[in-house]
Amino acid sequence: KRTLLPLRRAEVSTVIFPCRLAMQRLEMKNMVLELLECIPPLLLLLLACGLDHALVAMLSVIRQHSFVQYSFHSSHRLAVHVTGTSLMARLLRSTVGALNTSSHSRLETSNFACLPRPRSMGRQQYVGSCLPLALLVLLCLAQVYTHRLRRAIAAFYFPKREKSRVLYFYNKLLRQRQIFVQRQRKLVARRARQHPGLGPSLREWCCQRWPRLRRWMRRSCMVCGTPGTPQDRVCPAPACGAPYCRPCW
């Protein structure tokens, strides 16, 4: 429970809270790995759409500039005129006159039937192609929240196992907290032994000469670095005066 073991600021990032709607740091790592696996299908989809657009544009140019139309016109006329009034002339007119012919031909053809007829993908087809990938990304995001149910399901079916798990988690936090305190003590001691720079030393000299300036100085916690608040504690050692927030103190 929160009142039994309140977590410190450094411990909050190592625990997943199932009731929070926001994604937490430990969950973001797994979600990013899942989203990285969606990049190859996305690249394949973009390549297919780009190839479709390029092929349609290329075939449209071919259709526009490769159209050829042929027109063929021909006319033929044969006329034999026989003059005279003799019997031979009349006989020739009756026989040769049948050969008089007149014909006209006109032929038009083109390669329209052989030209390509490209058709680009419609909006519905684009939506149908992108919808599975969008669902995959949504499932990657929803997977973060479904993984939180595993502990609740396991606790419902195995309550004794859940109790031992909580005790183990409690003892693990206590051990980590003891190690955390020792590590922070060494860190604070190392910082205290370091020689302050020109800026901090000048600021401390001004604060010692004019103590009222301390209220205007923005100080942060020596351990976690959070901005100072009125509830902060100050080290009572005369030569120290380092500020600490309440959890770190």
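**View 1. The buried residues of helix α3.** In this predicted model, helix α3 tucks away Leu-45, Cys-49, Asp-52 and Val-56 as its buried residues. Why might buried positions in a helix come three or four places apart? An α-helix has 3.6 residues a turn, so residues with that spacing point the same way. And what helps cover the buried residues of α3? Part of the cover comes from α5, residues 123–147.

**View 2. Helix α3 from end to end.** Helix α3 runs from residue 39 to residue 65, which gives it 27 residues. From its first C-alpha to its last, α3 reaches 39 Å, close to the 39 Å expected at 1.5 Å a residue.

**View 3. The largest nonpolar core.** Which residues make up this core? There are 8 of them: Phe-180, Val-188, Cys-221, Val-223, Cys-235, Ala-242, Tyr-244 and Cys-245. As background, nonpolar side chains tend to be buried together in soluble globular proteins.

**View 4. Zooming in on Cys-221.** Here's one member of that core, Cys-221, with its neighbours. Leaving out residues up to four places away in sequence, Cys-221 touches Thr-226, Pro-243, Tyr-244, Cys-245 and Cys-248. Tyr-244 and Cys-245 belong to the largest nonpolar core too.

**View 5. Stepping back to the chain.** Count along the chain and you'll find 8 helices and 4 strands, in the order α-α-α-β-α-β-α-α-α-α-β-β. Of the 249 residues, 14% are buried. The chain exposes about 20,600 Å², with carbon and sulfur atoms supplying 63% of that area. Take the contacts between residues at least 6 apart in sequence: 61% of them join residues at least 24 apart.

Methods:
Residues are numbered from 1 along each chain as its sequence is written. This is a predicted model: local features need pLDDT of at least 70, side-chain atom pairs count only at pLDDT 80 or more; totals for chains, interfaces and linings use all residues. Side-chain values use heavy atoms; hydrogens and water are left out. A nonpolar core is a set of buried Ala, Val, Leu, Ile, Met, Phe, Trp, Tyr and Cys residues joined through side-chain atoms within 4.5 Å. Buried means under 20% relative accessible area, exposed over 50%, partly exposed in between (1.4 Å probe, protein chains only). Contact means heavy atoms within 4.5 Å. Helices (H or I, at least four residues) and strands (E, at least two) are DSSP runs, numbered from the N terminus. Accessible areas come from the Shrake-Rupley method with a 1.4 Å probe; for residues, only the protein chains shown count as cover. The expected span of a helix is 1.5 Å times one less than its number of residues.
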